[in-house]
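Colleague: I am new to this one and would like to know what stands behind each label. Please show it to me first.

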Amino acid sequence: MAPKKQGRPPKADKTDAKAPAKKRGRTAKKDPPAKKAKPAKSTEGGITQPRGRPPLGKNWDGVKGEWVDDGSGTAKIIKIKSSKPRGRPPAGKEWDEKKKKYV
């Protein structure tokens, strides 16, 4: 014989005469608790660093208040734009960069 599963206890009968009736309607809203202001992290120069991820290959300069190159050489990645038009190519054709058309 399998043991009985223990679950939630049965709900109380809603027609209980002793329970006070709940009022439905608007209640006074309580003021939310005041948030504590976090002091901004200041760097060497005193100008705080902006939130978020820094640009690739840049470091924050607190004196100037701007992003400066970190000297790693990865500051900009240049993407060569193709002259190939967007969309599906015609059936059985391939793009030729020299002629700049489908062949």
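Colleague: What makes β1 and β2 a pair, and in which sense do they run?

Modeller: Two strands pair if DSSP finds at least two bridges between them. β1 and β2 have four bridges, in the antiparallel sense, so they meet that rule. This is a predicted model, in which local features need pLDDT of at least 70 and side-chain atom pairs count only at pLDDT 80 or more, while totals for chains, interfaces and linings use all residues. Residues are numbered from 1 along each chain as its sequence is written, and side-chain values use heavy atoms, with hydrogens and water left out.

Colleague: Which residues stand opposite each other in β1 and β2?

Modeller: Asn59 is opposite Val68 in β2, and Trp60 is opposite Trp67 in β2. Four residues lie between the strands of this hairpin, and among the residues of the hairpin Gly65 takes a positive phi near 80°.

Colleague: How do you know what counts as a strand, and how many are in the chain?

Modeller: Strands are DSSP runs of E with at least two residues, and helices are runs of H or I with at least four; both are numbered from the N terminus. The chain has four strands and zero helices. From the N terminus, the order of elements is β-β-β-β.

Colleague: Why is the contact of Trp60 and Trp67 called edge-to-face?

Modeller: Rings of Phe, Tyr and Trp (its six-membered ring) pair if their centres lie within 6.5 Å; planes under 30 degrees apart count as stacked, over 60 as edge-to-face and the rest as tilted. The structure holds two aromatic pairs. For Trp60 and Trp67 the centres are 5.2 Å apart and the planes are at 70°, so the pair is edge-to-face by that rule. The rings of Trp95 and Tyr102 have centres 5.0 Å apart and planes at 75°, so that pair is edge-to-face too.

Colleague: Are these aromatic residues buried or exposed, and what makes them so?

Modeller: Buried means under 20% relative accessible area, exposed over 50%, and partly exposed in between (1.4 Å probe, protein chains only). Trp60 has 17%, so it is buried. Tyr102 has 18%, so it is buried as well. Trp67 has 25%, so it is partly exposed. Of the 103 residues of the chain, 5% count as buried.

Colleague: What makes Lys58 and Asp69 a salt bridge?

Modeller: A salt bridge is a side-chain nitrogen of Lys or Arg within 4 Å of a carboxyl oxygen of Asp or Glu. The closest N and O atoms of Lys58 and Asp69 are 3.4 Å apart, so the pair passes. Lys58 is in strand β1 (residues 58-61) and Asp69 in strand β2 (residues 66-69), eleven residues apart. The count comes to one salt bridge. Lys58 has a relative accessible area of 27%, so it is partly exposed.

Colleague: Where is Ser72, and how far is its C-alpha from that of Lys58?

Modeller: Ser72 is in the loop between β2 and β3 (95-96). Ser72 and Lys58 are 14 residues apart in sequence, and their C-alpha atoms are 8.9 Å apart. With a relative accessible area of 45%, Ser72 is partly exposed.

Colleague: Which residues does Ser83 contact, leaving aside its neighbours within four places in sequence?

Modeller: Contact means heavy atoms within 4.5 Å. By that rule Ser83 is in contact with Trp95, Glu97 and Lys100, leaving aside its neighbours within four places in sequence. Ser83 lies in the loop between β2 and β3. At 32% relative accessibility, Ser83 is partly exposed.

Colleague: What is notable about the phi of Lys100, and why is Lys100 called exposed?

Modeller: Lys100 has a positive phi of about 55° although it is not a glycine. Lys100 is found in the loop between β3 and β4. Its relative accessible area is 54%, so Lys100 counts as exposed.

Colleague: What is the predictor's confidence in the chain and its elements?

Modeller: pLDDT is the predictor's confidence in each residue, from 0 to 100. The chain averages 76, and 64% of the residues score at least 70. Among the elements, β1 has the lowest mean pLDDT (88) and strand β4 (residues 101-102) the highest (91).
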